[in-house]
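User: I have a structure to read and would like some help. Could we take it one feature at a time?

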Amino acid sequence: GKYFLSALVYFNAVDTASDYLQINLQTSNRSHYAIFDPGGLSSDPAYWSLGYAGLSEMDAGDTAYVQIQVGSGTAQTDITASTEFSGYLVC
């Protein structure tokens, strides 16, 4: 069936020296992602969010999960407890 999947990841203390922030919403059949380059900002933001929402074809036994990647920079970026994932069968 077709599933609506969404992920919203909240970051704290984003490092502008990072090459990118990326979230992957990975299913058994496909990878969906959102990416952001914080290097264009004038200072490290205290808060930032990245999200993805869309339809994904999935069968019985398929899985979905969210993966977060921070490219280089310092290890200061945190993921907050406000991060969300949801999904439901559309048809």
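**Reading the features**

Analyst: Let us start with one polar contact. A polar atom in the side chain of Thr-77 lies 3.4 Å from the backbone oxygen of Ala-13. Keep in mind that this is a predicted model.

User: Where does Thr-77 lie?

Analyst: To place a residue, look for the elements on either side. Thr-77 sits in the loop between β5 (64–71) and β6 (78–79).

User: Is Thr-77 buried or exposed?

Analyst: Read the relative accessible area. Buried means under 20%. Thr-77 has 18%, so Thr-77 is buried.

User: Which residues does Thr-77 touch, leaving out those up to four places away in sequence?

Analyst: Residues that follow one another in the chain are set aside here. With residues up to four places away not counted, Thr-77 touches Phe-11, Asn-12, Ala-13, Val-14, Asp-15 and Leu-21.

User: Ala-13 has come up twice. Where is Ala-13 found?

Analyst: Ala-13 is in the loop between β1 and β2 (20–27). Its relative accessible area is 30%, so Ala-13 counts as partly exposed. Look at its backbone too. Ala-13 is not a glycine, yet its phi is positive, at about 55°.

User: Now the whole chain. How many helices and strands does the protein chain have?

Analyst: Count the elements from the N terminus. The protein chain has zero helices and seven strands. Written in order, the elements run β-β-β-β-β-β-β.

User: What does the C-alpha trace span along its principal axes?

Analyst: Three numbers describe the extent. The C-alpha trace spans about 45 × 20 × 20 Å. Then ask about the interior. The protein chain has 91 residues, and 29% of them count as buried.

User: How do I read contacts along the sequence?

Analyst: Ask how far apart the partners are in sequence. Take the contacts between residues at least 6 apart. Of these, 75% join residues at least 24 apart.

User: How many aromatic pairs does the structure hold?

Analyst: Look for rings, then compare centres and planes. The structure holds two aromatic pairs. In one, the ring centres of Phe-4 and Tyr-88 are 5.4 Å apart and the planes meet at 35°, so the pair is tilted. Phe-4 belongs to strand β1 (residues 2–12) and Tyr-88 to strand β7 (residues 84–89). The pair therefore ties together parts that are 84 residues apart in sequence. Phe-4 is partly exposed at 25% relative accessibility. Tyr-88 is also partly exposed, at 49%.

User: And what of Phe-36 and Trp-48?

Analyst: Their ring centres are 4.4 Å apart. The planes are at 20°, which is under 30 degrees, so the pair is stacked. Phe-36 lies in strand β3 (residues 31–36), and Trp-48 in strand β4 (residues 47–57). This pair ties together parts that are twelve residues apart in sequence. Phe-36 is buried, with a relative accessible area of 18%. Trp-48 is partly exposed at 28%.

User: Last, the surface. What share of the exposed area do carbon and sulfur atoms supply?

Analyst: Start with the total, then ask which atoms supply it. The protein chain exposes about 5,300 Å², and carbon and sulfur atoms supply 51% of that.

User: Which residues make the nonpolar surface patch?

Analyst: Leu-55, Tyr-88 and Val-90 make a nonpolar patch of about 300 Å². Tyr-88 returns here from the tilted pair with Phe-4.

Methods
Residues numbered from 1 in each chain as written. Predicted model: local features only at pLDDT ≥ 70, side-chain atom pairs only at ≥ 80, totals over all residues. Heavy atoms only, no water. Phe/Tyr/Trp six-rings, centres within 6.5 Å; stacked < 30°, edge-to-face > 60°. Helix = DSSP H or I, 4+ residues; strand = E, 2+ residues; numbered from the N terminus. Buried < 20%, exposed > 50% of the residue type's maximum accessible area, 1.4 Å probe, protein only. Contact = heavy atoms within 4.5 Å. Areas by Shrake-Rupley, 256 points an atom, 1.4 Å probe, with all protein chains shown as cover. Patch = residues over 30% accessible without salt bridge, like charges linked within 9 Å, V, L, I, M, F, W, Y side chains within 5 Å. Salt bridge = Lys/Arg side-chain N within 4 Å of Asp/Glu carboxyl O. Polar contact = N/O pair within 3.5 Å; in protein donor to acceptor, adjacent residues only side chain to side chain.
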